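Colleague: I would like to go through this model with you and hear the reasoning behind the labels. Shall we take it step by step?

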Amino acid sequence: MLDIQTIRAQFPILSQKVNGKPLVYFDNAATSQKPKVVIDAIASYYEEINANIHRGVHKLSQLATDAYEISRVKIQNHINAKHNYEVLFTAGTTHGINLVSNGFASLLKEGDEVMVSALEHHSNIVPWQMLCERTGAKLTIIPMDENGELIFSEFEKLLSGKTKIIAVNHISNALGTINPIKKIIEKAHQFGTAVLIDGAQATPHVKPDVQELDCDFYVFSGHKICGPTGTGILYGKEEWLNKLPPYQGGGEMIKEVTFEKTTYAELPHKFEAGTPNIAGGIVLGTAIDYLNEVGFDNITKYEHELLEYGTKRLSEIEGLKIYGPKSLDNKTSVISFNVGNIHPYDIGTIVDKLGIAVRTGHHCAQPIMNFFSIPGTIRASFSFYNTKEEIDALVEAVKKAVTMLS
Ligand code: PMP
């Protein structure tokens, strides 16, 4: 059982007023709020051990390097990676996907295929389109049905020995759909196809086990899991990381440099050119510790209660349509909806005046909106620090907006 009031007190931002009303923050799928331990850890790093890492013999450099590498191991344990050098620090999900898609340029030829799904965020579409343009590979798309769920039988038809990599999200940011990634990975491996999982929306809700999933790559962002912005992780299986060329050249990623030839450092440094976001990487470890203290079982269970409550309450509003899976067991705490023909932006603007932060628009997933022939949706995404009372406030605000706009 979570003590929500104690948890809320750990997030300073939640006690403020917006437009004269208590803030209700329901834009968690875009970014999470940060607990005080995370905010304090950033200041402590700069006040106590700030130095560049992996290079200095001096004390501060050693302390900063140790803290950075300890954080890598925390993340390794959190996602159950086999080796710490399979865990690469990145600037976020987008960075991780671009690192892999760029690397695949050296492995693809004309006629090969790259597969994504109809449910992807633009970050998991555009880099693969760019890769296809560069290599002459073809982009194929796993279709979805009216419930925003992938059609597995169509996936099986599309998959062949030509498919070199599949990039699919664990959970959809626009609809909250939980995708059957384990089944996709199992099937893909029968064809020797690599699978990258975009875990940006899964990691706030569940603890991924990359060995159990047997995925080849798993990417996520720190800022969505109570960590700092500009942080992220790319997990890659050792064999794949060894196959891919470096993404960026520079300091840190080399073994030896001459004007004739450069040799590259071992993993993970081969992919970590330049001075990284040291404070961010260290504090991402603090955020993961914090979430594990709250406990992912508690988080998942409580957020599901919020999803059930929010779905029931919002459905009371006449003309309100929720997009995404009908079975709540197949989605996370994201409710994407519209009311009649009212533009989502108009409802979002009025709701904001009442202190409630929701996201409106296409959620960087325009193909999903095109599928439903809508300009966008209003998206309320709940985190473990939200309450049922806040959902009541959202319902009242939406009702008010609908009255004003009808
Ligand atoms: N994929 C998904 C499913 C996402 O929700 C997001 C963030 N909205 C991203 C990728 C991109 O993450 P970032 O902007 O942190 O790189």
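Modeller: Gladly. Let me start with N80, which has 14 other C-beta atoms within 10 Å and is partly exposed. Please keep in mind that this is a predicted model.

Colleague: What makes N80 partly exposed?

Modeller: A residue is buried at 20 or more such neighbours and exposed at 12 or fewer. N80 has 14, so it falls in between and counts as partly exposed. N80 sits in the loop between α3 and β4, and its phi is near 55°, a positive value in a residue other than glycine.

Colleague: Why is H54 called partly exposed?

Modeller: The reasoning runs along similar lines. H54 has 17 C-beta neighbours inside 10 Å, so it also lies between the two cut-offs. H54 belongs to the loop between α2 and α3. Its phi is positive too, about 65°, although H54 is not a glycine.

Colleague: Now to helix α10. How do you know that its length agrees with its number of residues?

Modeller: Helix α10 covers residues 278–294, which is 17 residues. At 1.5 Å a residue, the expected span is 24 Å, and the end C-alpha atoms are 25 Å apart, so the two agree.

Colleague: Why is α10 described as largely enclosed?

Modeller: Because 12 of its 17 residues are buried, the rest of the structure largely encloses it. Among those buried residues are I278, V283, I288 and L291. The elements covering them include α2 (36–49), α3 (59–79), β4 (87–90) and α11 (296–315).

Colleague: What lies on either side of α10 in the chain?

Modeller: Just after α10 comes G295, with a positive phi of about 95°. Ahead of the helix, the loop between β12 (262–264) and α10 holds P268.

Colleague: What makes the peptide bond from L267 to P268 cis?

Modeller: Its omega is near 0°.

Colleague: And the whole protein: how many helices and strands does it have, and why is it called as compact as a globular protein of its length?

Modeller: There are 14 helices and 17 strands. The radius of gyration is 22 Å, close to the 22 Å from the globule rule for 406 residues, so the protein is as compact as a globular protein of that length. Of its residues, 46% count as buried.

Colleague: Finally, which residues are closest to the ligand?

Modeller: The ligand is surrounded by 13 residues, the closest being G92, T94, H121, N173 and S221. The shell divides into two nonpolar, 10 polar and one charged.

Technical notes. Residues numbered from 1 in each chain as written. Predicted model: local features only at pLDDT ≥ 70, side-chain atom pairs only at ≥ 80, totals over all residues. Near = placed C-beta within 6 Å. Nonpolar A, V, L, I, M, F, W, Y, C, P; charged D, E, K, R; others polar. Helix = DSSP H or I, 4+ residues; strand = E, 2+ residues; numbered from the N terminus. Expected span 1.5 Å × (residues − 1). Contact = placed C-beta atoms within 7 Å. Rg over C-alpha atoms; globule rule 2.2 N^0.38 Å.
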